Amino acid sequence: MPVSKEILDEIALSAVEYQMIVDRLDREPNPVELGMFGALWSEHCGYKHSRPLLGMLPSTSSRTLSQAGAENAGAIDIGDGLAVVFKVESHNHPSAVEPLQGAATGVGGIVRDILAMGARPIALLNSLRFGPPDLLTNRRLLRGVVDGIGWYGNCIGVPDVAGEIYFDESYSQNPLVNAMCVGIARIEDLASAAATTPGDVLLLVGAGTGRDGIHGASGLASRTFEEEQELRPTVQVGNPFLEKVLIEACLEALSTGKVRALQDLGAAGLTSAAVESVARGQRGFALDITQVHRREDGMTAYEVMLSESQERMLLVAAPEHVQDVSAVFEKWDVTCRAVGVVTEEQVARVSEGSNSLAAAPVPHLADAPRYRLTGKPSAEDEARRHLQLSDVPLPSDVDLGDAGEILLRLLASPNVASKRHVYRQYDHQVQTNTVVEPGSGDAAVLRIKETGKAIAVAIDGNGRHCFLDPYRGGQRVVAEVARNLTCVGAEPIALTDCLNFGNPERPDIYYQLERCIEGMADACRELGLPVVSGNVSLYNESQGAAIFPTPIVGGLGLLEDARKHCGAGFPAGGLVVVLLGANELTTASNDLAGSEYLSTIHGMIRGRPEINLSLERRVQDLCRRLIADGVALSAHDCSDGGFAVALAESCILGDTRVGVGGSVGFTASMPFAESIPARWDAALFGEAPSRILVSVAPEAASAVLDAALEAGVPACVVGESGGSRLSIGPLIDVDLMELSDAWYGGLSPVWS
């Protein structure tokens, strides 16, 4: 074989895959062709291990306007001739190397995916994972990532409206940075990336091409980290001010009706943009790299074709329209260069003037090999699922504190504590659409101007649950994001996902990936939700240690009346608080499975999470009806930290007009408010799913219980809002200011 193993390792191709390329070309590839194959056949671009599994996910509904995977993002019909376009993607490995630029360019990349659909970006969300924040290296990563997200998003004028952050040792050397963007467009204005007409001109617009990001897709995002690798040059460098101008210029160019197709330059740069565009149109291209504007001298053809420099788009226009389209970019002072043409013959031809550099069939380049492996859980996977209550000592028996002390510890724990220190660094009010702000509800709500409607957006994941049981964990993350949308009054209508896993060539990791997708698919079908876009990030491990299997799900919900939304905090005292989804607080061992309580208080990650999807659907349907009818005055789901933490958060967030000083307390009226159950820890801090706390006027309480009975939803009155303390009989009696200080101050040391 004329190519060394070192070269193949650099572009993440195996010797077998190299031979496949030789067989397809019927010759040895030259260096430029090999680089193009390596990038497009990388895991990041080619989805070699995941594509055979992704077909399990339902991807259509009566509202879908796009085919999953066929365009840059998913598009959903929300009525009034409008489409919402949204997608989530990862920038994990770049953020581990250069956290600020890695996160910033992750934001820029997902924004351009939305722009490539012809939509104006209106919101950003993010889902982040780091190692324990008490370690300096993890704090450095956290601060850098947050700075990068805030810097880029604030500069381009797109509000960051929602997100989540979790911490676990498994992410110490492999932080996860998943960015989601949401856009809006008129349906007739949606753009395609498909280049279909021979003779059309390829226009490269935006930033000059540099050497940053070369091998980002193949070398950085498609293999595991090794200590001796110097990966810093593979991280892109962003310019958000240019991105802002690029957004406006592209949208104006599209409005002329003279742009046939639009594609962003992300992973694999010009190679991916050009090949994917013509592949969708079943065409080829002839590209002359001498026309590519550059910001560095002496760049080789290999570097030009594989550079992942940011703030670049590829447009397709008929020859007679090139001048008009170019004039738009000239007006915005954005460089626009004709670099090639679309051809009838399905061949990707690259030249440098008269010198031919590459000629490879587009179908071969675009058709990466696919691997359907056999997954198998490890013995350790099976063992950790077994959990009995007798395995968990009662805190009071081993001097771990009483229920009130544990509640304070959980509220201050990094995974539960308020993320106010983070989202205050983001501008969430720019564009003036944000109705429910970060921290005040289970999802963000954005008005759709001139319609009376609103959309809700949320993003969620739980690696611990998927680590313990990938199938049930996959089900629970779909249910969780739908439940959060429901809690603000929105009907969940579509999902996007980002699947973050370790090395899929390991049987135990492939098992996690396959079972998670199966669980997600079953939950999507039960809840009637299509997955319309997404991303897969594999090889998230170093030195043989993989991250928790972490599927991140972004959700889109619709409110026909923007006024009928709901927050998580109790809006006043004297309200009756009803628990939907349970008629008692159970003390089963599976309620503790993968819980924050078990991890924080006992240092254990064990058990088998459960979920009843039929119950989940009924609970959500009932909750949305109560909000729409104006009966439910607040709604907050029980998730991390369980029932007691959810209650505390609803108290702390009460009357958000005046912040913490206006919080509303709670007094329990449940049966065990007078008698302590043997396993009060499971009752208070267990994380059984499908439970929502709603507050209602006293005169509506009986009707709510009747409606629950009719809907087949277990429900019970758990107490009344009011006062300045959280009181649950002899178990918990804590001043709200103390609870607030713990919750709001939990992450303060990270920023001090």
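**Exercise 1. Find the residue that caps the N-terminal end of α16, then work out how enclosed that helix is.**

Step 1. Start at the cap: D402 sits at the N-terminal end of α16, with a side-chain oxygen 3.2 Å from the backbone nitrogen of G404. That fits the cut-off for a polar contact, a pair of N or O atoms within 3.5 Å; within protein, one must be able to donate a hydrogen and the other to accept it, and residues adjacent in sequence count only if both atoms are side-chain atoms. Keep in mind that this is a predicted model, where local features need pLDDT of at least 70, side-chain atom pairs count only at pLDDT 80 or more, and totals for chains, interfaces and linings use all residues. Residues are numbered from 1 along each chain as its sequence is written, and side-chain values use heavy atoms, with hydrogens and water left out.

Step 2. Helices (H or I, at least four residues) and strands (E, at least two) are DSSP runs, numbered from the N terminus. Buried means under 20% relative accessible area, exposed over 50%, and partly exposed in between (1.4 Å probe, protein chains only). In α16 (residues 403-412), seven of the ten residues are buried, so the rest of the structure largely encloses this helix.

Step 3. The buried ones are A403, G404, I406, L407, L408, L410 and L411. They pack against α21 (596-602), α23 (642-652), α24 (680-685), β26 (725-728), β27 (732-735) and α26 (736-745); the contact cut-off is heavy atoms within 4.5 Å.

**Exercise 2. Describe how α8 and α10 cross, and say what kinds of residues make up their contact.**

Step 1. Get the geometry: the axes of α8 (residues 136-156) and α10 (residues 240-255) come within 8 Å and cross at roughly 35 degrees. Those axes are lines fitted to C-alpha atoms, for helices over the stretch in contact, with angles running from 0 to 180 degrees between N-to-C directions.

Step 2. For handedness, a crossing is left-handed if the near helix is turned anticlockwise from the far one by less than a right angle, and right-handed if clockwise. α8 passes α10 in a right-handed crossing.

Step 3. Now the residues: α8 brings W151, Y152, C155 and I156, and α10 meets them with P240, F241, E243 and K244. They split into six nonpolar, no polar and two charged. Here Ala, Val, Leu, Ile, Met, Phe, Trp, Tyr, Cys and Pro count as nonpolar, Asp, Glu, Lys and Arg as charged, and the others, Gly among them, as polar.

**Exercise 3. Which residues touch the most other members of the largest nonpolar core?**

Step 1. Set the rule: a nonpolar core is a set of buried Ala, Val, Leu, Ile, Met, Phe, Trp, Tyr and Cys residues joined through side-chain atoms within 4.5 Å.

Step 2. The largest core has 58 residues, and those touching the most other members are L128, F130, L203, M313, L315, V325 and F329. A second, separate core of 53 residues includes V577, L693, C716 and L739.

Step 3. Zoom in on F329: beyond four places in sequence, its contacts are V205, L246, A249, C250, A253, L315, V334 and C336.

**Exercise 4. Which side chains do E164 and N484 pair with through polar contacts?**

Step 1. E164 lies in strand β4 (residues 160-167) and counts as buried at 8% relative accessibility. Its side chain joins that of R129 in a polar contact of 2.8 Å.

Step 2. N484 is in helix α19 (residues 470-487) and is buried too, with a relative accessible area of 5%. Its side chain pairs with that of D460 at 2.6 Å.

Step 3. Look for a link: leaving aside neighbours within four places, the contacts of E164 include D460, and those of N484 include D460 as well.

**Exercise 5. Where do A12 and S690, two non-glycine residues with positive phi, sit in the structure?**

Step 1. Recall the background: most residues other than glycine have a negative phi.

Step 2. A12, with phi near 60 degrees, lies in the loop between α1 (5-10) and α2 (15-25). Its relative accessible area of 17% makes it buried.

Step 3. S690 has a phi of about 60 degrees and belongs to the loop between α24 and β24 (692-696). At 2% relative accessibility, S690 is buried.
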